[in-house]
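This report walks through one protein model, from a single loop residue out to the whole fold. Keep the sequence and the coordinates open while reading.

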Amino acid sequence: MLRRGEVFRNRAKRLLAEKKKLSAAWLQAASPITAEIMAKAGFDILMVDMEHGPGGIMDLIGQLQAVSHYDVVPFVRVPWNDFVTIKRILDAGVSGILVPYVNSAEEAARAVSACKYPLEGIRGIAPSPRAGGYGMNQRDYLDYANEELDVLVAVETKTAVDHIEEIVKTNGLDGIFIGPMDLATSFGHFCNPKDEEVQEAIRKVEAVVLGSDKFLATVAGSFEEAKKLYEKGYSMVIMMSDTTTLGKVALDQVEQFKEMYPQR
């Protein structure tokens with residue numbers, strides 16, 4: 001939440017616009033404890049997952065409060081391209097929105113409109129929520145929100161790939177996020193983004209986005225994978241999660257134990 005008299009600024013906005021490299025991670029546990037741990041680790045961006053994660057608005061606010069003392073920028077992957085849901089999430093006080101399953105320029109424009117106050121969009125105006133400092137900041141947030149918020153849309157289908165040239169031309173859109181698992185499945189290759197047809201589609205999206213004024217983002221299973229993506233021109237790579245990464249570490253520890261002590 002903004003301090004009294006503090007103007008709303010998004011530290012990631014200009015860096016991403018300049019296509020700098022920013023580190024990112026998922027917050028998928030809806031837990032303020034794991035959120036605080038990840039913020040303390042020093043990530044540039046933490047993406048609260050409200051599409052596949054279990055949390056609601058109050059869980060989101062708890063996580064935002066937990067990371068507020070750290071130099072990290074909170075983004076949210078929203079459940080859907082729904083302006084009411086997006087409004088409530090923005091009012092909680094986040095700096096960036098990732099809208100899933102956007103397939104056309106029209107849908108991208110609708111996502112942007114949901115994130116912008118009039119006359120640029122349709123977001124309802126209220127200084128009373130957390131974003132506006134519960135009425136204690138008001139114009140310090142309202143006057144800057146349209147220019148400071150980051151808006152990303154996810155390319156997750158063959159249809160979106162077919163329309164990527166039009167999508168990147170959307171006014172007010174900041175970035176394109178490639179969702180490899182959904183994209184692969186859309187092409188008929190269930191959970192197999194390494195299939196050559198899918199890789200060809202990804203290369204098409206990369207070329208279009210990197211040749212535009214939008215930044216490119218995606219996910220990676222490790223830092224080594226993320227490094228390859230950054231070197232290709234990606235600006236934001238989500239390289240771990242507060243749930244799945246813990247699962248990987250736990251599995252590794254258990255396997256080492258069983259190997260060392262097969263008879264217990």
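## A buried serine and its surroundings

Ser235 has 0% relative accessibility, so it counts as buried. The model is a predicted one. Ser235 sits in the loop between H12 and S8. Which residues touch Ser235, once its neighbours within four places in sequence are left aside? The contacts are Leu16, Lys19, Lys20, Lys21, Leu22, Phe215, Leu216 and Tyr230. Several of these names return below.

## Helix H12

H12 spans residues 223-232, and its buried residues include Ala226, Leu229 and Tyr230. Seen down the axis of H12, the buried residues fall within an arc of 100 degrees, so they line one face of the helix. An α-helix has 3.6 residues a turn, so residues three or four places apart point the same way. On the other side of H12, Glu224, Lys228 and Glu231 are exposed.

What covers the buried face? The cover of the buried residues of H12 includes three strands: S1 (22-27), S7 (215-219) and S8 (236-241). Just after H12 comes Gly233, with a positive phi of about 120 degrees.

## Strand S7 and its partners

S7 is largely enclosed by the rest of the structure, because 4 of its 5 residues are buried. S6 (residues 175-178) is joined to S7 by 3 bridges, and the two run parallel. There, Ile176 has Leu216 of S7 as its bridge partner. S7 and S8 are also joined by 3 bridges and run parallel. Here the bridge partner of Ala217 is Met236, in S8. From S7 the chain crosses through H12 to S8, and this β-α-β crossover is right-handed.

Leu216 thus appears twice: as the bridge partner of Ile176, and among the contacts of Ser235.

## The barrel

How are the strands ordered in the barrel? The 8 strands close in the order S1-S2-S3-S4-S5-S6-S7-S8, with parallel pairing. From one strand to the next, the twist averages 25 degrees.

Elsewhere in the barrel, 3 bridges join S3 to S4 (residues 96-99), and these strands run parallel. In that pair, Phe75 has Gly96 of S4 as its bridge partner. H3 packs on the sheet and touches S1, S2 and S3; its direction makes about 165 degrees with that of S2. H2 lies across S1, S2 and S8 and runs at about 170 degrees to S1.

## Helix H3

H3 covers residues 57-67. With 8 of its 11 residues buried, it is largely enclosed by the rest of the structure. Which residues of H3 are buried? They are Ile57, Leu60, Ile61, Gly62, Gln63, Leu64, Ala66 and Val67. The cover over these residues includes both helices and strands: S1, H2 (32-41), S2 (45-49), S3 (73-77) and H4 (83-91).

## Backbone points to check

Two residues other than glycine have positive phi values. They are set side by side here.

| Residue | Phi | Loop | Relative accessibility |
|---|---|---|---|
| Lys19 | near 60 degrees | between H1 (11-17) and S1 | 27%, partly exposed |
| Ala30 | near 55 degrees | between S1 and H2 | 17%, buried |

Is Ala30 buried or exposed? At 17% relative accessibility, Ala30 counts as buried, because the cut-off for that class is under 20%. Lys19, at 27%, counts as partly exposed. Lys19 is also one of the contacts of Ser235.

The peptide bond that joins Pro118 and Leu119 is cis, with omega of about 15 degrees. Leu119 is in the loop between H5 (105-115) and H6 (139-142).

## Confidence

The mean pLDDT of the protein is 97, and 100% of its residues reach 70 or more. Which elements mark the lowest and the highest mean pLDDT? H6 has the lowest, at 96, and S3 has the highest, at 99. Where pLDDT is low, the predicted coordinates should not be read in detail.

Note on methods: Residues are numbered from 1 along each chain as its sequence is written. This is a predicted model: local features need pLDDT of at least 70, side-chain atom pairs count only at pLDDT 80 or more; totals for chains, interfaces and linings use all residues. Side-chain values use heavy atoms; hydrogens and water are left out. Buried means under 20% relative accessible area, exposed over 50%, partly exposed in between (1.4 Å probe, protein chains only). The arc is that of the directions from the helix axis to the C-beta atoms. Contact means heavy atoms within 4.5 Å. Two strands pair if DSSP finds at least two bridges between them. A crossover is right-handed if, with the strands pointing away from the viewer, the path from the first strand over the helix to the second runs clockwise. pLDDT is the predictor's confidence in each residue, from 0 to 100. Axes are lines fitted to C-alpha atoms, for helices over the stretch in contact, and angles run from 0 to 180 degrees between N-to-C directions.
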